[in-house]
Every structure is written in C-alpha cells, then in structure tokens.
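Hi,

Here is the structure I promised to pass on. Have a look at it first, and my notes follow underneath.

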Amino acid sequence: MRKNRFVLSALIIAAFLCTGLPAAAMADSGPVYFSAGVLVPTTSNDIRMTREVLTIDYTNQITPIPDHQSDYVNVRARFWFRNEGKAVTQKMGFPLGREELSGFGMFGPEFTVTVDGTAIIAHMLEGQKVTAGSELTYDMWSAYEVSFATGQTRVVDVTYRILPRAGYFLYVLQTGRLWKGPIGDLTIDVNFGRPAAFPDLLSVQPAGYHTQGNHILWHLTNYEPLQDIEIESMSPVFCRSVRPLKETAERTGSGADWYRYAMALLPDSVVGRYAAVSESEGAVSSTPQAFVRGLQTSAYADYVQRTLITALNHCTHGSAEARVLRAAYDARFSYYRVTGDFLNGVDRWRTSPSIRAHDLYRELLDAGMSVTKLSPEEARLLPWLTVNMAGESMSGGYSLSAIHELDQSQAYAKQEGIQESDAYQEVLEAVLGFISSWNNPRLLVGVSIVPHVEIQQQKIDTIVGGPAWRVRIILHQTLPSSEAQIVKGFTVSSQPDWKTMPAIDNKTGLVQYYSNNGLIESGFSDTNPDDYLSIMTLVEVRNAEECQKIVTTAADTSATNLMFTKAYSGMEFDYPGDAMIDSSMQSSSCTWLQAIAPKISFDAGRGVTVTLDSSVPMSNALCDKAEAELKKIVASYGTLPWSMDSEIDKTLQHNLDLVEQTRGKNPSVTMVTYTADGTVAKTVPTERAVETRGTLWVVLAGIAGLVAGLVLGMLLTSRHFLT
C-alpha cells in the first residue's frame with residue numbers, strides 16, 4: 001500500500017506539471033464528509049482542536065540532506081483533538097490544492113499520518129466537485145478516518161516535504177476553524193535556516209509573530225484562523241550574492257557600490273522581464289532572480305524601488321550610472337499600478353501596445369548618452385532596450401523601424417557577448433513572433449505618386465518694409481486604398497482665404513501672429529477626397545534669405561506636424577514621430593518637402609519660384625533610400641520559412657520594381673498668383689521633366705510612402721483613420 005501511495009502521489013505531481021494547474025499546498029487537518037459522493041469540508045459540532053504544534057524547517061535549503069532535493073521544506077504538524085460528543089468515526093483530510101491561488105509548490109511523496117503513534121493510510125482524493133454552501137472548498141484532499149470514543153483525546157501527526165513555488169511558501173491554516181470552537185493553543189516554529197531578517201525574509205503572514213535568530217515564531221491561544229501562513233523569501237543562492245553588495249554599499253556610501261548593489265536586484269535585461277520559474281524544473285530557478293515571479297505580494301518590488309532611489313541619490317548626477325539607474329526605475333515604476341508592471345518592465349508590448357522602451361531611449365539621449373561612445377553601464381543596457389524597442393515597433397506595425405532596431409540590438413548584444421544567451425534569444429524570438437504568417441498574412445503594396453507641387457502666393461504691399469508675400473507650398477498626392485487606411489485624415493482647404501490683406505501688428509509692423517518657422521498641415525482636400533495635401537504656409541516673406549531660412553527650417557522639422565502618432569483609436573499607443581519617418585504616407589511628404597526646399601527661390605518682384613533640373617531627377621536620391629530600406633526588409637524576410645507561402649517574396653520584388661520605374665522623375669509644378677482681393681490673377685503650369693531613361697511617364701510610387709504602406713499594412717489593415 002505504501003508503494004501504491006507513492007505511485008499515486010507521483011502521478012498527481014506529474015499531472016500538475018503537465019496541466020499547469022496550481023501545485024499543492026499542505027494545510028491543517030479539517031473535518032470532511034461525503035455528500036452524494038462529493039467530498040465536502042464541514043464544521044464539526046463535537047470535535048475540538050485543543051492544541052497544534054507546527055514545525056516548518058527550511059534548513060534543507062541551506063544544507064541539503066543526502067538524496068533529498070535541496071529546495072524542499074520539511075513540515076511536521078501535531079494536532080490534539082478531543083471529542084466532546086458521542087462516539088464517532090470522523091473523516092479528516094489535508095487539502096492539497098487550492099483553486100483560487102495560482103500555484104504553491106509540489107509536495108513530496110513522503111506524506112505520512114499517524115494517530116497516537118500508529119501509522120494509518122491516507123487516500124489521495126482529487127477532482128472532487130464541491131457543493132454550494134460549504135464554508136471552505138478545495139479540489140484535492142489526502143483523506144483518512146479517526147475513531148473517537150466519548151471524551152477521548154487523540155494525537156494526529158502529519159509529516160511531509162514540499163517544494164515551494166520559488167520564493168513563496170504556503171501552509172493553509174484556515175481549515176483549523178472548521179473544528180468546534182477556536183484552536184485552543186497554537187505554536188508555530190519556522191526554522192528559516194538563516195537569519196530571519198529583511199531582505200532575505202521579505203514578508204510573513206499572519207501577524208503576531210516574532211523572530212529570534214533563524215526562527216519565525218508564533219504562539220497564539222484561542223485562535224480563530226482567518227489567514228493562511230504565507231512566507232516570501234529570497235532564494236539562498238541569490239541572497240548570498242546580494243548580501244555582501246548591500247553591506248558594502250551601506251558601509252562605504254559610494255555611488256559605484258550602490259550602483260552594483262541596485263543592479264544585482266534587477267534581471268539580466270535590466271529594464272525587461274523578470275524570468276519565470278522553469279516549469280520543467282519545478283521550483284528550481286533558471287536565473288538567480290526567477291524566484292521573484294513566485295511571490296504574491298509587492299514586498300520585493302518595494303525593496304527594489306527603495307534601493308534604486310537610494311542608489312540614484314548616491315550616484316553623481318548626469319553620470320552613466322545615474323542614467324542607467326533612472327532608466328531601470330522608469331521602466332518599472334513610471335507606470336507602476338500592479339506588481340505585473342514591475343515584473344514586466346518595458347516588455348509590456350507582449351500583451352498590449354506600449355512605447356516605454358522608446359521613451360526610455362529618448363530620455364537617455366536627452367540625458368547625455370552617446371550611442372557612439374557608450375559607457376560599460378550603458379553598453380549593458382542598450383541590447384535589451386533596443387530589442388524591446390523593436391518589439392514595440394513590431395507590435396504597432398512599424399516593421400521598418402523594428403528591423404532597424406533589431407539590427408542595432410544585435411550589434412550591441414554581440415559587443416556585450418550576450419547575443420547567444422538564452423535570455424536574449426527569448427526576447428528576440430518574442431519580437432520576431434510578431435512577424436509570422438498568422439499575424440501578417442500578406443504585405444500590402446502601398447504607393448503614393450510623385451507629387452504635384454502647387455505654389456499659391458499673394459503680394460502684400462501694405463506691410464512695413466514691403467513689399468512682402470504670403471505663400472502656400474502644397475504637395476498634391478493621390479493615395480491608393482492601402483495607404484488611406486493609415487494616413488492622417490483631417491480635411492484641409494485646397495484654396496487660401498486671401499480676400500483681405502492680413503492684419504498688421506501696430507507695434508512691430510509685422511503680420512499679426514507672424515512666425516518665421518513656417519506652418520505645416522496635412523489632410524485630404526476639401527474639394528477632392530482622393531487628393532492628399534501637405535501644406536507649408538509662409539505668412540510673410542520679404543527677401544530671399546528669409547524665404548530660404550523659413551522653407552528649410554519648416555521642411556527639416558515637418559515630421560512633428562505631419563506624423564500622425566495616434567495609431568490606434570481607443571488604445572493608448574502614441575508612436576514617436578521619428579520612428580515613423582520611413583514608415584508612413586506623411587513621411588513621404590516630409591521627404592519631398594526636404595528634397596524640394598533647396599529648389600525654391602524668392603524674388604521680391606515675382607515671389608516664390610521652383611526650379612527643377614531635368615538632368616538631375618529629384619526622385620533618384622529618394623529611390624536610393626527606398627531601395628536600401630526595401631533590401632533590408634528582403635534580407636530579413638528571406639530568412640522566414642513561410643515567406644514564399646505567403647507570397648511575401650513576390651510583394652517585395654514588386655515594390656523593388658516600382659522603385660526602379662520611379663527613377664528619373666521630377667514632380668510637376670504649378671504657380672498660382674492671387675490678387676489683393678483673393679481672386680486668381682495668373683496660373684502658370686510647368687511641363688513635366690524630360691525622362692532621363694527614355695521610358696514613358698507612369699504615375700507611380702512615391703518613394704518614402706512606398707516603403708510605408710508596404711509594411712505598415714501588415715498589422716493595420718483593419719484600422720481606418722479618415723475623419
């Protein structure tokens with residue numbers, strides 16, 4: 001029978017490992033009965049638990065017993081029960097699993113029960129469906145029977161070993177209240193195996209305990225248990241590595257020592273996820289900090305937060321150490337609402353869109369980090385931060401940015417010698433998981449035509465120091481449906497409202513609300529819903545130098561105004577404009593404005609003109625840029641086994657063909673001059689530039705926009721933002 005019980009226990013443990021159900025938690029004995037074949041815990045009207053002595057021994061974790069797994073905790077519970085009613089055979093049981101809590105540990109096969117020193121057989125009962133109305137319900141029990149004469153006291157001993165879930169130990173105490181009255185006398189002695197002090201010992205429940213050396217002690221009388229015993233602690237191995245760092249930092253007060261101590265509390269990824277306990281190894285941690293995910297309270301998170309703040313206060317302001325510590329702090333506590341935010345850090349993108357990693361990267365640059373001259377501290381951080389940036393980009397559909405960031409990350413990882421590490425590869429695979437035949441069944445071909453440029457301008461004679469001109473430089477782009485899904489969708493006016501001269505500021509003599517930076521807006525034309533306009537407005541220009549300065553400044557900073565960063569309506573995912581530069585329709589507008597700006601000239605008598613050189617087609621440089629980005633995508637997708645199945649290879653090649661066909665092109669230009677009353681005085685269209693390659697003009701793909709729709713469509717095909 002003993003052998004059979006061992007086999008049954010092993011099978012139950014195996015079942016937990018295979019199904020991922022909560023592992024076992026041992027507990028106080030409780031009275032149970034069968035109701036229509038269903039095991040139900042119930043209060044006992046006649047049997048009282050007069051005394052309990054509970055011993056929990058961690059010493060095996062410190063000095064393992066030969067042939068015993070080192071992480072096991074030994075438990076011995078002795079109960080005194082007195083029958084205050086008629087003679088009865090009472091069914092008792094230990095609950096071994098709890099449905100409401102997500103895992104405790106694994107119990108060993110040496111579960112034994114004795115009554116007055118004589119061993120009895122306990123039967124494992126699992127999968128019992130509880131009936132409604134029972135006070136405490138558990139889904140698996142070790143059940144046995146004890147006979148009582150009237151007035152008889154019996155002593156029941158239970159011993160077992162349990163492998164706690166990482167740093168979390170649970171003993172179910174609440175079943176003790178199912179007996180008649182409170183527990184008369186309860187003594188609990190936890191031999192922690194090392195000094196029972198923070199931070200080795202993180203948290204203890206219930207209240208009412210005291211510590212003495214290595215022991216956590218309770219002595220309670222007439223006790224009605226409303227809480228279970230829960231102990232959270234660091235793993236002994238981790239403690240041994242952290243304790244000397246803590247003691248050194250507190251002794252010296254050195255910023256370098258505090259930095260080393262704080263960093264030891266963080267995972268390898270610094271700003272990323274704490275590792276999970278390996279399911280294949282039970283509660284054996286695959287990394288020193290893996291125990292953290294087994295904890296149920298915020299005790300460790302609070303400890304790390306305090307330590308990071310203290311370390312920041314000791315480090316030199318503006319130093320590389322301070323930058324890294326600030327990034328680690330912000331990754332875990334800037335959005336800290338629940339423990340999961342602390343545990344996941346910047347890895348939030350795995351479950352929902354996030355730009356934490358991008359925000360941290362920008363903060364590091366603003367704080368003085370140089371990507372060409374990284375400190376050792378920053379070099380440790382950058383592989384993890386940039387791979388998470390790629391994850392954010394990929395989850396938002398910005399695959400071009402993701403590919404670039406993956407290139408950066410792997411270069412940093414190789415430099416740090418972690419490129420092949422399990423931890424880094426795990427994050428890398430998760431990022432690449434967003435590129436799959438399931439998530440991205442096809443790549444859309446998104447194109448925008450080489451724009452038609454329209455110059456709208458009106459002479460202002462009444463201005464001080466005049467004459468002056470007000471000008472609108474408009475890029476007209478016709479969008480295919482694939483681009484229209486992700487483009488900024490406001491409506492803008494195709495014609496200026498110039499019926500009256502602008503109001504003049506009496507103090508300055510300038511146009512009211514004058515700005516010498518140029519105004520940028522974009523959206524669909526109010527007269528043609530297929531015509532997408534990007535408009536640069538110059539409210540007042542008086543000389544060539546001023547014109548060139550305004551145009552160049554506005555073109556170079558156009559991304560701020562043209563990038564539509566609210567990618568998902570109803571979801572907080574503001575994607576940074578600089579990362580969208582190569583990935584959206586608005587990016588095409590930026591690129592063309594920047595290309596055209598040097599071709600714009602000004603004359604006080606004639607206003608603004610655009611001069612294009614047919615021998616130097618403007619599209620060529622843009623095609624070079626697009627081709628380089630596309631080839632990078634081809635190289636990345638070419639490694640995916642499902643690329644040909646989804647015909648991604650054909651789509652990529654088609655886009656490369658379009659780039660080649662677009663070479664040799666210049667935009668057409670129309671000059672429109674308005675009279676003082678706002679009516680059109682003159683319209684001068686220019687002929688299209690002569691083909692430099694002898695091919696017919698075909699209205700084809702806009703260069704930066706081509707790259708955009710190609711990849712953005714992967715994850716955003718169902719999102720429309722037209723207003």
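The crossing of α4 and α5 is left-handed. These two helices pack at an angle of about 160°, and their axes lie 8 Å apart. Angles over 145 degrees count as roughly antiparallel, so that is how α4 and α5 run relative to each other. On the α4 side, the contact is made by G255, W258, Y261 and A262. Facing them from α5 are Y303, T307, L308, T310, A311 and H314. Please keep in mind throughout that this is a predicted model.

Both helices also feed the largest nonpolar core, which has 51 residues. Which members of that core touch the most other members? They are F291, Y300, V304, L325 and F342. The elements giving two or more residues to the core are α3 (236–252), α4 (255–264), α5 (299–314), α6 (320–333), α7 (339–344), α8 (356–366) and α9 (376–395).

Y300 is a good place to start if you want to look around in there. Leaving aside residues up to four places away in sequence, Y300 touches L202, M234, F238, L265, Y274, F291, V292, L295 and F342. Another core, of 41 residues, lies apart from this one, and I56, V73, I162 and V190 are among its members.

Back to α8 for a moment: R356, A357, H358, L360, Y361 and L364 are buried in this helix. Just after α8 comes G368, with a positive phi of about 115°.

I also looked at S558, which sits in helix α14 (residues 558–562). Is S558 buried or exposed? With a relative accessible area of 0%, S558 falls under the 20% cut-off and is therefore buried. The S558 side chain reaches the backbone oxygen of A555 at 2.9 Å. Not counting residues up to four places away in sequence, S558 touches I520, C590, L593 and Q594.

Finally, some totals for the whole chain. The secondary structure comes to 19 helices and 27 strands. Of the 723 residues, 54% count as buried. Taking contacts between residues at least 6 apart in sequence, 76% join residues at least 24 apart.

Happy to talk any of this through whenever it suits you.

Best wishes

Terms used:
Residues are numbered from 1 along each chain as its sequence is written. This is a predicted model: local features need pLDDT of at least 70, side-chain atom pairs count only at pLDDT 80 or more; totals for chains, interfaces and linings use all residues. Side-chain values use heavy atoms; hydrogens and water are left out. A nonpolar core is a set of buried Ala, Val, Leu, Ile, Met, Phe, Trp, Tyr and Cys residues joined through side-chain atoms within 4.5 Å. Buried means under 20% relative accessible area, exposed over 50%, partly exposed in between (1.4 Å probe, protein chains only). Helices (H or I, at least four residues) and strands (E, at least two) are DSSP runs, numbered from the N terminus. Contact means heavy atoms within 4.5 Å. A polar contact is a pair of N or O atoms within 3.5 Å; within protein, one must be able to donate a hydrogen and the other to accept it, and residues adjacent in sequence count only if both atoms are side-chain atoms. Axes are lines fitted to C-alpha atoms, for helices over the stretch in contact, and angles run from 0 to 180 degrees between N-to-C directions. Angles under 35 degrees count as roughly parallel, over 145 as roughly antiparallel, 65 to 115 as roughly perpendicular and the rest as oblique. A crossing is left-handed if the near helix is turned anticlockwise from the far one by less than a right angle, and right-handed if clockwise.
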